[in-house]
Amino acid sequence: MPILQTTGLEKRFGGIVATNNVNLSVEKGARHALIGPNGAGKTTFINLLTGVLKPSSGRIALEGKDITDTSPHQRVRLGMARTFQINQLFLDLTPLESVGLVVSERLGSGADWWRVVGTKSAVTEEIVEIIERFHLSDVMFDRVAVLPYGKQRLLEIALAFACRPQVLLLDEPAAGVPEAERHELLATIEALPKDVTVLLIEHDMDIVFSFADRISVLVNGALFVDGAPEEVAKDPRVKAVYLGEELDA
Amino acid sequence: MANPALTSHVSDYLKRRARWSPLEIAFWVFAFATIWLFPSKYLILKDTAILALFAMSLDLILGYAGILSLGHAAFFGLAGYFAGLVAKYGYINEPVVALVAAGLVAAALGFVTSFLVLRGSDLTRLMVTLGVSLMLGEVANRYSNITGGADGLQGIDIQPIFGRFRFDLYGHNGYVYCLIVLFVCFVVARRVVYSPFGLSLRSVKGNSLRASAIGIPVKWRLVGIYTFAAGLAGIAGALLTQTTAFCSLDVFSLDRSADLLLVLIIGGTGYLYGGLIGAVIYKFLQDYIANLTPQYWQFWIGLVLVIIVLVGRERMAGWIATGRGTIESLFSGAAARSPKLAAPDGK
Amino acid sequence: MLTILFDGVAYGMLLFVLACGLSVTLGLMNFINLAHGAFAMAGGYCTVILVNRYGVPFALGLPLAFVVTALLGGLFERTLYIHVYARPHLDQVLFTIGLVFMAVAAVDYTMGSSQQFVQIPEALTGQINVFGIGMGKYRLLIIAICGLLTIALQLILTKTRFGSRLRAAVDDQRVARGLGINVGAVFGLTFAFGSGLAGLGGALGAEILGLDPTFPLKYMIYFLIVVTVGGTSSITGPFFASILLGIGDVAGKYYVPKLGAFVIYAIMIVVLIWRPQGLFARATAK
């Protein structure tokens, strides 16, 4: 059974069909990439998956359970977490506080209004583990607003990871990251545990082909091609879509 | 799996942050010392303490949760009338019990109205909060046979606290009462602010989209803090009624809510002491200016507001940067600035 | 009952003229101007001084109120408000509350705190009978003037270049700027115009609403209600909201006098629960 599945997912904004009858299946443990030209509706799709947008029609299932009507924060509890294409961080908090927040929430002490943050050792250990995994130890006490972009991007992913999701949705993780800091970022993504399913949106084909074991192509909101990387790379239609775009541009 | 040295370092850092800093302790020692230091000023000190509690409660929702409210006076006034009525008609004779009850009543109103505040824009929130406050004022006016209407609720007889401490004419017991209540409420608020709940509020204020994307039920957290803040505001209102044996319609006025915003602007938001410090400075200003030009106090307040905004709150904080910045970090726990990582081994 | 309806409509249209400037300002620059009522007050006092003290005819006093207040608005906008545009809403609220306090105290100092009455011409006092309904002549005048103004405003918005620039800038400021629209100038002119309208409304309304130094504080809430309920993306929204509120307030004060403005506040809260962006706002409001 696929861990994440959409059936006939559609999203209309007035006359525009942003997501067009998408039936996507993501297998457990997969490294699944979602690619497509600009404006194809990839981020809209992620927003539908995470509940930020309500679909016009269609269903979404996580581990077989229908989650179409659950709220965004509930979907996190059920095991789905995402990163944002443009960093959505807590600028006035520190990485330590940010990660700490996620871990606290997950371990159930989020609503605790009496205990001081840091007194539960299990929580603290996990926070430190995540900080180290994402190479944030040297900046963990600094305000997020002053961190270099590469570190911010790492934190962006760290926050989603700290939710210990079953499915991790990465929206263009490498976007805007300077060359010098890319390597650290990509290595971190490569090192994600195998039992976490990753759905990756990316433009950078090098990353896609080195990372993904399955690729889906989204064009004008509809699923165009879906298969193993070799097949997709060879598919003439995909080439036409991308090359055609370049010819027009 | 985590580096144990680092873990314990982080753990120490977090716990140290929440510890009472020397400046905080000095602040409260001095606050209580005023009981003996300024015996002739009990009335104004008491008013300051009540205002401080009221302002602190607004800081919880404005500075920590980012909710813009012009109607915080609703909770203040509701609890004030409640405390007055239960004392006047003898329903609850013990002031402390009445105080807690009044706080709960205000918290209940806060809970109910919190759902109104969750939706819409800043302007909507401003209007809804203001609307509730003004509505309560109209209701109080309508039922003037109970509330005394424009003349205010009179004939309130407050019993001695615990049957022993009478509210005397000089205001000594009244002041001590208010100060202790302020301190207790402060301690609780402080715990809340340093808790995971408090941290989640700051994240909601900073980026509510991301907060819900990491699993925080944003709505319920906001409801929680709004209810709590309403309760504290109610306690402040009840204190005022109990110590003055009087309550009138102006507890619901826009003026009161606006003055409260001014207090927080002067003192700063988001570090809990803003309301307290702001209240002291505000009362001092009020006393000073009222002596100069009693009638046109409003003009000078307006001018102060305009100037503060024009100059810019950040710029002003920048001017007194060493002062204010140090005070803030000293108040928010020792070593709030990043302790460098060399520390664990080479302390 | 019909008289109440008539009075309510008159009151509502007056509210509209007073509040529409605020609505456009908020929609255009996302700026919460709580001092809008002070401009209305300025217009009222201006007419009072001109008509009562200097014997200027009423018919001239009204447009003069508009002109003076518009100039005042333009001046304030260029010198003071412009510094506060980019600030968070809290700062704007504080700033404009500060201005109101100053205005109220200044007027109290110079003009005294008692209510002022404009000497309206003989021809406008009393009632006339239309279809068996007793209509106050002054209120008829209000409906006539405000009605004409509303139509004129709608025409300006929809038929003129300035109007389309204004609507573009309200819709999306950044894109409008990108298209070469001088958003700063549009705003300055609109602000001045809106303040002028407020001043005219204050002058017109002195007779009905009561003019004293506390006017901005008393009525600011009404304007805000109009804007919040009516939304900021059009002027038809605030128009209908004003009428609704006008009738609601007059009816409320007549049928349940002790509760006074309670009815208004209750209506507002109910509307905002139901539609947080206002009754007539577009679904995709900012």
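## Core, interfaces and confidence of a three-chain model

In this predicted model, the largest nonpolar core has 283 residues, of which B:Leu53, B:Ala79 and B:Ile235 touch the most other members. Helix α1 (residues 2–29) of chain C gives this core its largest share, 17 residues. A nonpolar core is here a set of buried Ala, Val, Leu, Ile, Met, Phe, Trp, Tyr and Cys residues joined through C-beta atoms within 7 Å. A residue is buried if 20 or more other C-beta atoms lie within 10 Å of its own, exposed if 12 or fewer, and partly exposed in between, with C-beta atoms placed from the backbone. Helices (H or I, at least four residues) and strands (E, at least two) are DSSP runs numbered from the N terminus.

Residues up to four places away in sequence aside, B:Ile235 touches B:Leu53, B:Ala79, B:Leu99, B:Ala102, B:Gly103, B:Val181 and B:Cys185. Two residues are in contact if their C-beta atoms, placed from the backbone, lie within 7 Å.

Residues are numbered from 1 along each chain as its sequence is written, while chains are lettered from A and ligands numbered from 1 in the order in which they are written. Local features need pLDDT of at least 70 and side-chain atom pairs count only at pLDDT 80 or more, whereas totals for chains, interfaces and linings use all residues.

**Interfaces**

Of the 2 pairs of chains that touch, chains A and B share the most contacts. Chain A contributes 43 residues to that contact and chain B contributes 34 residues. On the chain A side, α2 (72–78), α3 (95–106) and α4 (121–133) each supply at least two residues. The contact between chains B and C takes 32 residues from chain B and 38 residues from chain C. The chain B side draws at least two residues from each of α6 (122–142), α12 (254–267) and α14 (297–311), and α6(B) provides the largest share, 14 residues. Chains A and C have no contact, and their closest C-alpha atoms lie 11 Å apart.

The table gives the composition of two interface sides by class; Ala, Val, Leu, Ile, Met, Phe, Trp, Tyr, Cys and Pro count as nonpolar, Asp, Glu, Lys and Arg as charged, and the others, Gly among them, as polar.

| Side | Nonpolar | Polar | Charged |
|---|---|---|---|
| Chain A, touching chain B | 19 residues | 11 residues | 13 residues |
| Chain B, touching chain C | 23 residues | 5 residues | 4 residues |

**Chain C**

Chain C has 11 helices and 2 strands. Its radius of gyration is 18 Å, close to the 19 Å that the globule rule gives for 286 residues, so chain C is as compact as a globular protein of that length. The radius is taken over C-alpha atoms, and the rule is 2.2 Å times the number of residues to the power 0.38. Of the 286 residues of chain C, 51% count as buried.

C:Met135 lies in strand β2 of chain C and is partly exposed, with 18 other C-beta atoms within 10 Å. Beyond its neighbours within four places in sequence, C:Met135 is in contact with C:Phe6, C:Gln127, C:Ile128, C:Val130 and C:Leu140.

**Confidence**

The model scores ipTM 0.86 and pTM 0.83. pLDDT is the predictor's confidence in each residue, from 0 to 100. Chain A has a mean pLDDT of 87, with 97% of its residues at 70 or more; among its elements, helix α9 (residues 236–248) has the lowest mean, 65. Chain C averages 81, with 94% of the residues scoring at least 70. Among the elements of chain C, strand β2 (residues 133–136) has the lowest mean pLDDT (70) and helix α3 (residues 58–79) the highest (88). Where pLDDT is low, the predicted coordinates should not be read in detail.
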